[in-house]
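The following exercises are to be worked through with the sequence and the coordinates at hand. Each task is followed by a solution that goes step by step.

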Number of protein chains: 2
Amino acid sequence: MRTLAVDLGTKIGQTVTVSGWVHRIRELGKINFVIVRDRTGMIQTVFDDKVEFTNESIIRIEGLVVANDKAPSGAEIQVKSFQILAVAAPDLPIPVNQEPDRLNIDAILDNRIISLRNPKIRAIFELQSAILRYFSEFMHSQGFFEMKTSKLIGSGTEGGTGLFTVEYFDTKVFLAQSPQFYKQAMVSTGLERVFEISHAYRAEKHDTPRHLNEYVSFDVEMAFIEDEVDLMNFEREILKYVFTQIEKNNKAQLLAWDATVPVSEDMDKIPVIDHDEAKEIITKETGKKVFEISPEGERALCDWALREHGVEACFINGWPRKKRPFYTFPKDQKTMSFDLIFRGLEITTGGRRINEYPMLIETLPKFGLTEEGLGDYPTIFKYGCPPHGGFAIGVERLTQKILGLSNVKEASPFPRDRKRVRP
Amino acid sequence: MRTLAVDLGTKIGQTVTVSGWVHRIRELGKINFVIVRDRTGMIQTVFDDKVEFTNESIIRIEGLVVANDKAPSGAEIQVKSFQILAVAAPDLPIPVNQEPDRLNIDAILDNRIISLRNPKIRAIFELQSAILRYFSEFMHSQGFFEMKTSKLIGSGTEGGTGLFTVEYFDTKVFLAQSPQFYKQAMVSTGLERVFEISHAYRAEKHDTPRHLNEYVSFDVEMAFIEDEVDLMNFEREILKYVFTQIEKNNKAQLLAWDATVPVSEDMDKIPVIDHDEAKEIITKETGKKVFEISPEGERALCDWALREHGVEACFINGWPRKKRPFYTFPKDQKTMSFDLIFRGLEITTGGRRINEYPMLIETLPKFGLTEEGLGDYPTIFKYGCPPHGGFAIGVERLTQKILGLSNVKEASPFPRDRKRVRP
């Protein structure tokens, strides 16, 4: 029966077996301390003899648990016997048991299989696992149906640029940029409320700290909404649940990065500003004339929101029609759409969609599109589709911004960019 | 405030608003019955006048709820006013409000956006959503970390055949056949216990009722196991949880297909038979000499298991080395690996993996492989990897076998096969 690090403090005076990775060896003359790492934490073990094994080897130890205030969980193990389960080569390409801050991002990602062993780096994916869990829990509790839709698409609803091509038997298909088409289709079937957490692909050449060519998208779509306000309010509720759960259950991961999550009630304070107003605020904050809301502008908006509303986030709505996809529901010269900027980074785009077939057909020429060119998409609307809308949250971006990571690639276990397709 | 079908029985005597799809119109002289479908069920509404709208149009109705034993949920609505939110074209390519059994699979899949509206067909994906939920709930409750790993891989760990090629900027990559490499890598980092529910791709040309070229794989990998028995026992626990929850929460979906889930305690009765023994049983059952365990053999094994053990499933272990991938942990001339056959269909393959670097290196030539050819994979083992193993459950196959669907494609919302890349 294996004892985990987290339970060691409750076993004082008992003989236990522990297993894990050799995290650190400290030789103090005749006595040697070996720190063993398992999925729940660190275990200090005391050897009377010199130890011969290498860091990162896998070891099983039997020994007596004794109290020691200086050891993790207030206990250490006096080793009676041990067994090496797997030997690690001594030439680790990067250190596992040191602060990773000194490593540059290429060293971390080129040696990803080793860098993920670092407890601070691993904490990113412990938190990401929790975020995936909280998303799923909340959506199911709200009566949403979880779907898994095809990533191999015959044509690009959002246009042919930025798509990766797949050789599919005798033809070519594309990797989906989003489940947009499918989530609208599923809503129209009568499921009404759907979500999906899956990969999405963008064949964009830029290499920035905010972009991934393959990312995980948490997509939401819901029927019988009035406008984008319903969607923004629902997103507030999702974030409240996620932040409440993280605060409760993921203190260790926050601590590893010296990070905090927003107070969940503050989600109600997130201001909603019109696209034009957003540009004015950015001009006032930065002293620069604004044509597009740039990354710098997004940061300025969050600084403003923190100062004026006490929350590091803001919704931008009222986007002009030409800045949004053709399927966005119009409202005068603008659209019923929104972005959410969180801690200086856009983490969500969403909006109400056109659901009436005549409106869709009337809209297409304005975007240089034809009904035939959209494949099966118009079928969704031809046979009756309720008012609906949705949004997506980028899972890596949310992880990044919660922990304060400087590059979104750090929040992907095996990130893909223009030059990186390994490991 | 919208009232849902499921709540109508509690609103008798009140004026309510309901919204949904026009499912069926029944004209009885001056009185017309319109059945409205929403995500929770059917609502009978009574119009005093002739109605002009088409099936599948989206309608909002205000009216008085009155008791009617013959109506769904024991209540119907006397319509006061209504509004058409979206008009459906009258030329539905396939009927929505009839039993789908008369439609062949091509009619169902070619017209997928419409066929998914059929309540019986939609029930498949209501159940699949629930299965995804129960998997996630159980795994998180057991301390597993959920991961989302890249589907774009530079080389194929399981060999180059059966891989789809992606044009990735100036190079070519492949769509992952499974997260095998990444789940082992994540286990080796110290996470120890991981799972992923994501798409997997097989570029196999066959078109059978058991295969999809893109499917959803529920992958599990765990460290510090002894052998495949630990894995089979863990899979029993997963299935117990899933079947218990389905029995409790998804009666409507089971009823739609006249289906039952196995009694969850019966998972402990699933026999474990050796690969050689399995072939003998098949020979006895079918009277035919057996070289490979074929689909017919899998059905015969489950008939035998039901008769002899009272459960429609069996584990097969003791697979010969040459029938398993190179990374399978050997045991004499066989391997520590297993399949699970459920209701006549293989739904799981798994096993302990080689975790010791010297054993891996020694194994490669026997499979015609080299260390260099495996890219980053050997790095996992070179720097210390605990004993571990895992398995995968095909989500569509499990859905299919629970509901008794004749073709696995029916259990994928937008299935992909050699000829089908739309809708």
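**Exercise 1: a helix and its surroundings**

Just after helix α7 of chain B, B:Gly287 adopts a positive phi of about 75°, a value that belongs, like every other one here, to a predicted model.

Task: Compare the span expected for α7(B) with the distance between its end C-alpha atoms, and establish which residues of α7(B) are buried and which are exposed on the other side.

Solution. Step one concerns the length: α7(B) covers residues 275–286, that is, twelve residues, and the expected span is 1.5 Å times one less than the number of residues. This gives 16 Å, and because the end C-alpha atoms are likewise 16 Å apart, the two values agree.

Step two concerns burial, for which the criterion is 20 or more other C-beta atoms within 10 Å of the residue's own. B:Ala278, B:Ile281 and B:Ile282 are the buried residues of α7(B). They lie on the same side of the helix, because the arc they cover around the axis is only 100°. An α-helix has 3.6 residues a turn, so residues three or four places apart point the same way. On the other side of α7(B), B:Glu280 and B:Lys284 are exposed.

Step three identifies the packing partners: the buried residues of α7(B) pack against β12 (272–274), α8 (295–309) and β13 (313–317), which belong to chain B.

**Exercise 2: strands within chain A**

Task: Determine in which sense β3(A) runs relative to β2(A) and relative to β5(A).

Solution. Take β2 (residues 31–38) and β3 (residues 41–47) of chain A to begin with: they run antiparallel and are joined by seven bridges, with A:Arg37 standing opposite A:Met42 of β3(A). Two residues lie between these strands, which form a hairpin. Turning to β5 of chain A (residues 75–86), one finds that β3(A) runs parallel to β5(A), with three bridges between them, and that A:Val46 has A:Gln78 as its bridge partner in β5(A).

**Exercise 3: where the chains meet**

Task: Describe the side of chain B that touches chain A, and find a strand pair that joins the two chains.

Solution. Begin with the contacts, in which 77 residues of chain B meet 77 residues of chain A. Helix α3 of chain B (residues 119–141) supplies the largest share of chain B's side, namely eight residues. By residue class, that side comprises 37 nonpolar, 18 polar and 22 charged residues. Finally, β8 of chain A and β8 of chain B, each spanning residues 165–168, pair in the antiparallel sense over three bridges, and A:Thr165 stands opposite B:Glu167 of β8(B).

How values were computed. Residues are numbered from 1 along each chain as its sequence is written. Chains are lettered from A and ligands numbered from 1 in the order in which they are written. This is a predicted model: local features need pLDDT of at least 70, side-chain atom pairs count only at pLDDT 80 or more; totals for chains, interfaces and linings use all residues. Helices (H or I, at least four residues) and strands (E, at least two) are DSSP runs, numbered from the N terminus. A residue is buried if 20 or more other C-beta atoms lie within 10 Å of its own, exposed if 12 or fewer, and partly exposed in between; C-beta atoms are placed from the backbone. The arc is that of the directions from the helix axis to the C-beta atoms. Two residues are in contact if their C-beta atoms, placed from the backbone, lie within 7 Å. Ala, Val, Leu, Ile, Met, Phe, Trp, Tyr, Cys and Pro count as nonpolar, Asp, Glu, Lys and Arg as charged, and the others, Gly among them, as polar. Two strands pair if DSSP finds at least two bridges between them.
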